[in-house]
Amino acid sequence: PVVVVDGFVDNGVYNTVVTPVMADNEDVTTSLLLNGEAYNGEGISADGEYSLVAVAMDKAGNITTTVLSFIIDTVAPTGTTNLVDGMKYSSSVVPVVEVEEGSVYTMTLNDEVYEGGEIKAEGDYTLVIEITDVAKNVTKITKVFSVEYSKSPVIDNPTPTPTPKPNPNPEDGLPTEDDNGEVPSNDDDKNNNEEKQNISLN
């Protein structure tokens, strides 16, 4: 007899309840074993690997045995990236993504399809990584970051001219600086000094 089992595909991976069903045939007697134990048709929801043995025997005593397998996996896939959420990068960045074996991923950068590569332009970015495993479980990783190259400080006046300091007490007889910061010569003081020198020589 021909054995037909519905409800799943051999070697399939599922993230939902699986319910194997053998096709009815009044001329055939059927039985099912799930992982070595009698199976009565209840839904299978626990994560794990399963082996289903389907046996069919017709009225002439001919027997057909078929072994099928499937996996239930409801665990979301994992993945990592080298980007740090909230980071301000001072140079261009290249996102690196690693996902678990059997999974695939897609990316968007600021809501646009992104296939990888160096991000050079300054600005704010949101990278969304969507990971899908064989069982169609999905994980999303979101990283918000910015690229901002460091800039040298701008110096308006690298060699400022010193401000003249006026004599705070002009009455004490000390000379004061003019507008150019120079102390003007005093002709009277010069003449007095010369007269003193002449007297000393005489």
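**Exercise 1. Decide whether L34 is buried or exposed in this predicted model, and describe its surroundings.**

Step 1. Start with the accessibility: L34 has a relative accessibility of 14%. The cut-off for buried is under 20%, so L34 counts as buried.

Step 2. Now place the residue in the fold. L34 belongs to strand β4, which covers residues 28–34.

Step 3. Next, look for its contacts, setting aside neighbours within four places in sequence. L34 then touches Y39, I44, Y50, S51, L52 and F70.

Step 4. Finally, compare sequence with space. L34 and S69 lie 35 residues apart along the chain, and their C-alpha atoms are 9.4 Å apart.

**Exercise 2. Work out the strand order of the sheet that contains β4, and find which strands stand at its edges.**

Step 1. Trace the sheet from one side to the other: the order is β2-β7-β6-β4-β5. These five strands make an open sheet with mixed pairing.

Step 2. Pick out the ends. β2 (12–14) and β5 (37–38) each have a single partner strand, so one side of each has no neighbour in the sheet.

Step 3. Zoom in on one pair. β4 and β6 (residues 48–58) run antiparallel and are joined by seven bridges. Within this pairing, L32 faces A54 of β6.

**Exercise 3. Do the same for the sheet that contains β13: which strands are its edges, and how do its strands pair?**

Step 1. Read off the order, which is β9-β14-β13-β11-β12. This is again an open sheet of five strands, and its pairing is mixed.

Step 2. Find the edges: β9 (88–89) and β12 (112–114) each pair on one side only.

Step 3. Go through the pairs. β9 runs parallel to β14 (residues 138–147), with two bridges between them; K88 is the bridge partner of S146 there. β14 and β13 run antiparallel and share 10 bridges, including the one that links T126 with V144. β13 (residues 123–132) is also antiparallel to β11 (residues 104–109), through six bridges. Here T108 is matched with V128.

Step 4. Look at how β13 leads into β14. The two strands form a hairpin with five residues between them. In that turn, K136 has a positive phi of about 75 degrees.

**Exercise 4. Compare N11 and N110: where does each sit, and how exposed is each?**

Step 1. Check the backbone. N11 is not a glycine, yet its phi is positive, about 70 degrees. N110 is not a glycine either, and its phi is positive at about 50 degrees.

Step 2. Locate them. N11 lies in the loop between β1 (5–6) and β2, while N110 lies in the loop between β11 and β12.

Step 3. Judge the exposure. N11 has 57% relative accessibility and counts as exposed. N110, with a relative accessible area of 35%, is partly exposed.

**Exercise 5. Find out what the confidence scores say about the chain, and what they say about residues 198–202.**

Step 1. Take the whole chain: the average pLDDT is 85, and 74% of the residues score at least 70.

Step 2. Turn to residues 198–202. Their pLDDT stays under 50, and the model gives this stretch zero contacts beyond four places in sequence.

Step 3. Draw the lesson. Where pLDDT is low, predicted coordinates should not be read in detail.

Definitions and conventions: Residues numbered from 1 in each chain as written. Predicted model: local features only at pLDDT ≥ 70, side-chain atom pairs only at ≥ 80, totals over all residues. Heavy atoms only, no water. Pairing = 2+ DSSP bridges. Helix = DSSP H or I, 4+ residues; strand = E, 2+ residues; numbered from the N terminus. Buried < 20%, exposed > 50% of the residue type's maximum accessible area, 1.4 Å probe, protein only. Contact = heavy atoms within 4.5 Å. pLDDT = per-residue confidence, 0-100.
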